[in-house]
Amino acid sequence: MPTRVLALCGFTQNSYIYSKQLGAVRKTCKDVSIVFLEPPVVVEKADLPWSDNLDQFGSNATTDETAQTPETTPRAWWVTANEMKTYRKFDETVAYLHDYLSKNGPFDGIMGFSQGAGMAAILSALLEKPGLHPNFPSEPALPKFKFAIFVGGFLPKAESHDFTPYFPLPASLPTLHICGKNDTLITIERSQTLIDKCENSRVELHDGGHYTPSKASWRHFFNAYINSFGPDGTQGDVPPVNSFGPSGANTPVNSKGGEATPRPSTPAN
């Protein structure tokens, strides 16, 4: 049975856009079922008073309602107001996620990008500590995630909602944090706010900006990491990204033409 991963896209993206962006990763992860969930909130032009350019969010959607199709409609897990101090429609999203998991779960893990990573962290917390939010009841109990992957993520923070009780995420939940060294939208420093609130965190960096890396080494790393949570797996204890060659073998050629030594297996922190 394939490992099931719930995927949450970023702000102004949608399930179609995120699925396309992870196309190469999906092809490599043949034994993984990645389910892309459509965010319930439609982003309107009034929600973006500072910019009409959605490219900065890794999105090719449009706020021009006359030109929108289901594939180009910008969506979100919440929209901000009051100088980003208020998370509008967040409570409705929590109810939506609870209903979806109740009907379509369980999932082995969750993967989120940008705002989707923040929402994935909150959802992970809601499963770990049922009853934190009135729209996410503790009964009937829903299965927890075995792992969480946060790409370009950050710790949600708003005056309208107190997320203090949600964190830290416990050591029993391995979390993988992917950060771009040249990400100017969600900087490494901002991602660190979420990393610091995860008791079992692992960080991998890529040289790019605000996107999910999909070069061969990254694709094979994702495949190894996700599948490590299967029966008798290593629970996330896999070698670092740069140890994976183009074929997926853990013996990449180094700069001198020899084979690099794979990292020895060590217990997950």
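Helix α3 (residues 90-104) packs against α4 at an angle of about 60 degrees, and their axes sit 12 Å apart. This is a predicted model, so keep that in mind as you read on. The two helices are oblique to each other, because angles that are not under 35 degrees, over 145 or from 65 to 115 go in that class. As for handedness, the crossing of α3 and α4 is right-handed.

Which residues make the contact? On the α3 side you'll find F90, T93, V94, L97 and L101, and they meet M119, I122, L123, L126 and L127 in α4. By type, the residues of this contact split into nine nonpolar, one polar and no charged.

Helix α4 turns up again around α5 (residues 188-195), whose buried residues are S191, L194 and I195. Seen down the axis of α5, those residues fall within an arc of 100 degrees, so they line one face of the helix. Here are elements that are among their cover:

| Element | Residues |
|---|---|
| α4 | 115-128 |
| β8 | 147-151 |
| β9 | 175-180 |
| β10 | 201-206 |

Two of those strands, β8 and β9, also frame a loop, and that's where E159 has its place. Is E159 buried or exposed? E159 has a relative accessible area of 63%, and the cut-off for exposed is over 50%, so E159 counts as exposed. Along the chain, E159 and Y87 are 72 residues apart, yet 8.3 Å is what separates their C-alpha atoms.

Terms used:
Residues are numbered from 1 along each chain as its sequence is written. This is a predicted model: local features need pLDDT of at least 70, side-chain atom pairs count only at pLDDT 80 or more; totals for chains, interfaces and linings use all residues. Side-chain values use heavy atoms; hydrogens and water are left out. Buried means under 20% relative accessible area, exposed over 50%, partly exposed in between (1.4 Å probe, protein chains only). Helices (H or I, at least four residues) and strands (E, at least two) are DSSP runs, numbered from the N terminus. The arc is that of the directions from the helix axis to the C-beta atoms. Contact means heavy atoms within 4.5 Å. Axes are lines fitted to C-alpha atoms, for helices over the stretch in contact, and angles run from 0 to 180 degrees between N-to-C directions. A crossing is left-handed if the near helix is turned anticlockwise from the far one by less than a right angle, and right-handed if clockwise. Ala, Val, Leu, Ile, Met, Phe, Trp, Tyr, Cys and Pro count as nonpolar, Asp, Glu, Lys and Arg as charged, and the others, Gly among them, as polar.
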